[in-house]
Amino acid sequence: MLLFLQSPMALKLFLFALLLCLTTSLSSTASKGKDQNLKFNPYRYTFIDKASTFASSSSSSFSSNGRDSTYDYIVIGGGTAGCPLAATLSRNFSVLVLERGGVPFTNANVSFLRNFHIGLADTSASSASQAFVSTDGVYNARARVLGGGSCINAGFYSRADAAFVKRAGWDPKLVNESYPWVEREIVHQPKLTLWQKALRDSLLEVGVRPFNGYTYDHVSGTKIGGTIFDRFGRRHTAAELLAYANPQKLRVLIYATVQKIVFDTSGSRPRVTGVIFKDENGNQHQALLSNRKGSEVILSSGAIGSPQMLMLSGIGPKRELKRLKIPLVLENEHVGKGMADNPMNTILVPSKQPIEQSLIQTVGITKMGVYVEASTGFGQSPESIHTHYGVMSDKNELFSTIPAKQRRPEATQAYIRRNKYQLHEAFNGSFILEKLAYPISRGHLSLLNTNVDDNPSVTFNYFKHPVDLQRCVEAIRLVSKVVTSKRFLNYTQCDKQNVHEMLSLSVKANINLRPKQVNDTKSMAQFCKDTVVTIWHYHGGCLVGKVVSPDRKVLGVNRLRVIDGSTFDESPGTNPQATVMMMGRYMGVKILRERLGNKAGV
């Protein structure tokens, strides 16, 4: 070898080979390092982790990362309001978000439009949707995932009108700055399907005018709204608004189920000090608020979760808390009261051939306070769902004969468990929907037990007020005109059916657990009662002026707010998600400006 290297040419060849090997080795190492840096993260953001990674405050919750063991803000619920709220607050302060569900990013049932109904049908413990049945006998669902209701809804995006903003006492300028903050990140223009075009033209034909084109604004007439589904049918949720966050000041824990809010009751007013939550393994942790002035726990758990959490923490009707032996922190008879759900009724329009899937794209906004929409193509197929308990179920005949007030929640759940593999979708076609805006009928929420994982008892009292029922009758008459209009039939190529035949089909589908009058389809009022379902726009339970102040601070206690749809006494726009997300941003900015003034930078 030494003799070989004595040759100048050999030496040059040796050095060239050595350099080549060294370069290849370094390139391989760099490539390996780059691959490691690009390693797939199912949580998408570095500040998201499982709840079990949290170390209780006694051992310094952030000690391993060199961060504080307390937080300026603890947000209970990383939902439609909680995500934009946390992202905004994190620009200046440390924020901990506790979300009881998982992430939406790798969940196919959440991510794709084609799986919309499958996500709602999934009754497993890991589902993004947690089913419940109101005492009215109507199937419903609440979100259990980061991003909240924006992960399981129909995706329609429409702002609130100016009158709602005024009634809410909000600053119109900041509202109009907060909506685009949301829209830039997750809202898209839909590509209209054939049936959505048919609905558009038919609404105009029967007098729901003018045509307002594509707009986010809530105005009378017929319009095309925004959607959180992109052109590939992929959903973009409120969780993606976390992209605005300061990753150095935000921590999001998933599978973190808050058990209760902790209070110091030694002073003249109860003062929040932190929360107790359990992780995915069932272990309990305590997260503490900073002692700095302005630090708060913020409830963003929705119209079901927020009043439930207040009561589990000792704020609510004294008699109810005493019944469940929950220590009283503050008596407030209004917690859980004023619950409302916008009733929806549908006319089922069957088709002889497969229809392109679409969720809400076109909407008719009438002056009588009724919204007409359509959902198409989620029909029966071999690979489709077999466990849906809602608008596509046709196997509930036995249970639906039991009066709603005689059904105990345990019996309802037992029935669902027994029949979960027998249910299937009733038909292939379209649902023409009418939603009643501003229902007068009100209900209430109460605890069944002290287990936060269990749904509370919820009553909405659909159509209890006669005005609501009369408006529904007018709405069904309008929808009947739409589905039998010339333009609708020309587009859809469907056979013209007798309206009463279509109403009968809807009643026989047994889309809820209410007693039916199958032979009385000539009574529009009875049809409304028999076929009422939810559109998941329920609200109330922590109303402004009764449970919270106009700035959403819980009355009678310090360092606690509620920022979500439970504070609404009406559902804004045709779909509330736009305004709930906007409110998260809006309230975050308001809070930062109150604490920091011009230094807030927002």
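Which residues of helix α3 are buried? They are Gly-82, Cys-83, Pro-84, Leu-85, Ala-86, Ala-87, Thr-88 and Leu-89. This tour of a predicted model returns to that helix after a view of the whole chain.

**The whole chain**

Begin with the protein chain displayed as a cartoon, where 17 helices and 26 strands make up the secondary structure. Of its 602 residues, 57% are buried. Contacts between residues at least 6 apart in sequence join residues at least 24 apart in 73% of cases.

**Helix α3 and its surroundings**

Next, select residues 82-89, which form helix α3. The helix is mostly covered, with 8 of its 8 residues buried. To see what covers these buried residues, add the strands β3, β4, β11 (250-254) and β15 together with the helices α7 (172-186) and α17 (577-596), all of which are included in the cover.

**Strand β3 and its two partners**

Now select strand β3, residues 73-76. Tyr-73 and Val-75 point one way from the strand, while Ile-74 and Ile-76 point the other way. In a regular strand, side chains alternate between the two faces of the sheet. Are these four side chains of β3 buried or exposed? Tyr-73, Ile-74, Val-75 and Ile-76 are all buried.

Add strand β4, residues 95-99, which pairs with β3 in the parallel sense over 4 bridges. Within this pairing, Ile-76 has Leu-98 of β4 as its bridge partner. Follow the chain from β3 through helix α3 to β4: this β-α-β crossover is right-handed.

Then add strand β15, residues 296-299, which also pairs with β3 in the parallel sense over 4 bridges. Here Tyr-73 has Glu-296 of β15 as its bridge partner.

**An open sheet of four strands**

Move to the sheet whose 4 strands follow the order β2-β14-β13-β12. The sheet is open and its pairing is mixed. Its edge strands are β2 (70-71) and β12 (257-264), each of which pairs on one side only. Strands of a sheet pair through backbone hydrogen bonds, either parallel or antiparallel.

Select strands β13 (residues 271-278) and β14 (residues 284-289), which run antiparallel and are joined by 5 bridges. Lys-278 stands opposite Gln-284 in β14.

**The second largest cavity**

Turn to the enclosed spaces: a search of the whole structure finds 4 cavities of 30 Å³ or more. The second largest cavity holds about 40 Å³ of space. To locate it, select Asn-109, Val-110, Phe-116, Gly-119, Leu-120, Ala-128, Cys-151, Ile-152 and Arg-235, which line this cavity.

Which helix gives the most to the lining of the second largest cavity? Helix α5 does, with 3 residues. Both α4 (108-111) and α5 (116-121) supply at least two residues of this lining. By class, the lining of the second largest cavity divides into 6 nonpolar, 2 polar and 1 charged.

**The second largest pocket**

Finish at the second largest pocket, where about 420 Å³ of space lies. Which of its 20 lining residues are the closest to its centre? Select Leu-113, Lys-191, Asp-230, Arg-231 and Gln-361 to display them. The lining of this pocket has 8 nonpolar, 7 polar and 5 charged residues.

Note on methods
Residues are numbered from 1 along each chain as its sequence is written. This is a predicted model: local features need pLDDT of at least 70, side-chain atom pairs count only at pLDDT 80 or more; totals for chains, interfaces and linings use all residues. Side-chain values use heavy atoms; hydrogens and water are left out. On a 1 Å grid over the protein atoms alone, a cavity is a set of points where a 1.4 Å probe fits but cannot get out, and a pocket is an open set with protein on both sides within 12 Å along at least five of seven lines; lining residues have an atom within 4 Å of a point. Grid points are joined across faces, edges and corners, and a volume is the space filled by probe spheres set on the points. Ala, Val, Leu, Ile, Met, Phe, Trp, Tyr, Cys and Pro count as nonpolar, Asp, Glu, Lys and Arg as charged, and the others, Gly among them, as polar. Two strands pair if DSSP finds at least two bridges between them. Buried means under 20% relative accessible area, exposed over 50%, partly exposed in between (1.4 Å probe, protein chains only). A crossover is right-handed if, with the strands pointing away from the viewer, the path from the first strand over the helix to the second runs clockwise. Contact means heavy atoms within 4.5 Å.
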